[in-house]
Amino acid sequence: MAILVTGATGFIAPWIVFYLLQEKYQVIGTVRSHGKAERPFELSFEIIKDISDPKAFESLFKKRSKEIDVVLHTASPVVLNTNDYEKDLLIPAINGTKGILNAVRRYGNVKKIIITSSYVTMVDFAHSSDGSLVFTEKDWSPVTWEGCQTNAVNGYCGSKKFAEQETWKFAKEACISLTTINPVFVFGPQKLDEDVGPQLNVSNEIINNLLHNKPGDGMEPDHHASYIDVRDVAKAHLVTFQKGLPGEGLGLSNNRFGSQDILDILNERFPYLNISKGPEPGKGDINPGAIFDNKHSRDVLGFPFINLEQSVYDTAAQVLKKDGLL
Ligand code: NDP
């Protein structure tokens with residue numbers, strides 16, 4: 001029995017691979033190039049150059065379908081520095097999902113599919129900073145194909161929603177066990193220190209930017225949203241296929257956070273850095289964002305989540321170590 005993990009070089013997937021290997025599962029990881037396959041993990045790599053190609057997964061499944069029992073599809077573009085939303089966000093997300101599902105249907109012995117989706121398929125993102133809004137795992141974002149082509153954030157939201165909708169359609173037609181994992185902003189350390197560069201992945205860049213704010217810079221970026229630690233996201237993938245959980249869209253969020261909360265933690269834990277204290281030091285977020293009522297998902301998963309202080313500390317400490325400041 002092997003588990004296929006797509007996007008094995010990303011931020012979340014290496015933690016998934018780590019937990020799977022710890023439990024002695026056989027893992028096949030997809031990466032975009034041979035160079036990226038040089039990773040210190042005990043798994044076999046397959047090259048999938050570009051998931052925008054509808055046939056990207058054909059040769060992999062043709063070759064190894066007998067081995068693959070479980071598919072964990074995490075690969076999807078998380079890029080905000082683009083103006084071509086269709087080419088860089090929507091097409092790879094949707095074709096990637098449809099491509100792997102079609103390959104499963106054509107060649108597979110796959111018994112379980114888990115898609116790493118996002119809470120942006122559930123929340124009305126335009127109102128996600130509104131503290132009076134409550135949303136749940138049962139909700140769908142109202143974003144439309146036209147409406148999502150106005151900026152990269154909306155493009156990303158659309159890419160996740162339309163890809164997820166394709167998945168549910170497929171699962172119904174193919175009668176296959178599907179679960180989606182829908183995290184909010186994911187913080188936490190990179191699995192490998194070598195993956196810490198001057199820029200981190202999009203969600204951790206919030207912490208990285210705040211860590212580099214100087215006194216007088218204020219609070220940039222100013223977020224009011226929700227967080228979950230990457231280790232809990234990875235664990236949720238593992239627990240999901242071990243428990244089965246067909247038909248669930250699992251909303252992963254521990255709590256709300258604001259940029260002021262992050263600055264408060266950074267200043268408390270690294271006082272010698274002399275970074276910005278933010279407009280309301282020590283008060284935390286005074287304008288919290290929308291509430292994600294994910295009680296159902298927490299109950300179903302049944303393990304406690306890592307708190308903000310730990311997640312922010314571990315993320316920042318890894319960056320500071322790399323910079324020789326810790
Ligand atoms: P990363 O950008 O770190 O990882 C994305 C992965 O997808 C990388 O391995 C990347 O390859 C691969 N990928 C992207 N585009 C293509 C493409 N066109 N062809 C082949 N491979 C591609 O993001 P995360 O690890 O943070 O995200 C993983 C999943 O989790 C995504 O589906 C994302 O939408 C979802 N998610 C993330 C959240 C977060 O806050 N981080 C929150 C909610 C959901 P390469 O490394 O070569 O670029």
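**Note on the predicted model**

1. Helix H3, residues 85-107, lies across three strands: S1 (2-6), S4 (68-73) and S5 (112-116). Against S4 the helix runs at about 175 degrees. The model is a predicted one, and the points below should be read on that basis.

2. The strands under H3 belong to an open sheet of seven strands, in the order S3-S2-S1-S4-S5-S7-S10, with parallel pairing. Its edges are strand S3 (44-47) and strand S10 (249-252), each of which pairs on one side only. On average, and ignoring direction, neighbouring strands in this sheet are turned by 20 degrees against each other.

3. Val 104 is a residue of helix H3. Val 104 counts as buried because 22 other C-beta atoms lie within 10 Å, where 20 or more are required. Apart from neighbours within four places in sequence, the contacts of Val 104 are Val 71, Val 110 and Ile 113. Val 71 falls within the range of S4, 68-73, and Ile 113 within that of S5, 112-116. Glu 58 is 46 residues away from Val 104 in sequence, with a C-alpha to C-alpha distance of 9.0 Å.

4. At one edge of the seven-stranded sheet, S10 runs parallel to strand S7 (residues 177-183), and four bridges join the two. Within this pairing, Pro 183 has Leu 252 of S10 as its bridge partner, and Ile 181 stands opposite Leu 250. The side chains of S10 alternate as follows: Gly 249 and Gly 251 point one way, Leu 250 and Leu 252 the other way. All four of these residues are buried, although S10 is an edge strand.

5. A further open sheet has three strands in the order S8-S9-S11, and its pairing is mixed. Strand S8 (185-187) and strand S11 (255-258) are at the edges with a single partner strand each, so each has one side without a neighbour in the sheet. Neighbouring strands here are turned by 55 degrees against each other on average, direction ignored.

6. In the three-stranded sheet, strand S9 (residues 224-229) and S11 run antiparallel and are joined by four bridges. One of the pairs is His 224 with its bridge partner Gly 258 in S11. Helix H6, residues 230-243, lies across S8 and S9 and runs at about 60 degrees to S9.

7. The ligand has 26 residues around it. Which of them come nearest? They are Gly 7, Gly 10, Phe 11, Ser 76 and Ser 203. By class, the shell consists of 12 nonpolar, 10 polar and four charged residues.

8. For the chain as a whole, the secondary structure amounts to nine helices and 12 strands. The radius of gyration is 19 Å, and the globule rule gives 20 Å for 326 residues; the two values are close, so the chain is as compact as a globular protein of that length. The C-alpha trace spans about 60 × 40 × 40 Å along its principal axes.

9. Of the 326 residues, 48% count as buried. Among contacts in the chain with a separation of 6 or more, 75% are between residues 24 or more positions apart.

Methods: Residues are numbered from 1 along each chain as its sequence is written. This is a predicted model: local features need pLDDT of at least 70, side-chain atom pairs count only at pLDDT 80 or more; totals for chains, interfaces and linings use all residues. Two strands pair if DSSP finds at least two bridges between them. Axes are lines fitted to C-alpha atoms, for helices over the stretch in contact, and angles run from 0 to 180 degrees between N-to-C directions. Two residues are in contact if their C-beta atoms, placed from the backbone, lie within 7 Å. A residue is near a molecule or strand if its C-beta atom, placed from the backbone, lies within 6 Å of it. Ala, Val, Leu, Ile, Met, Phe, Trp, Tyr, Cys and Pro count as nonpolar, Asp, Glu, Lys and Arg as charged, and the others, Gly among them, as polar. The radius of gyration is taken over C-alpha atoms; the globule rule is 2.2 Å times the number of residues to the power 0.38. A residue is buried if 20 or more other C-beta atoms lie within 10 Å of its own, exposed if 12 or fewer, and partly exposed in between; C-beta atoms are placed from the backbone.
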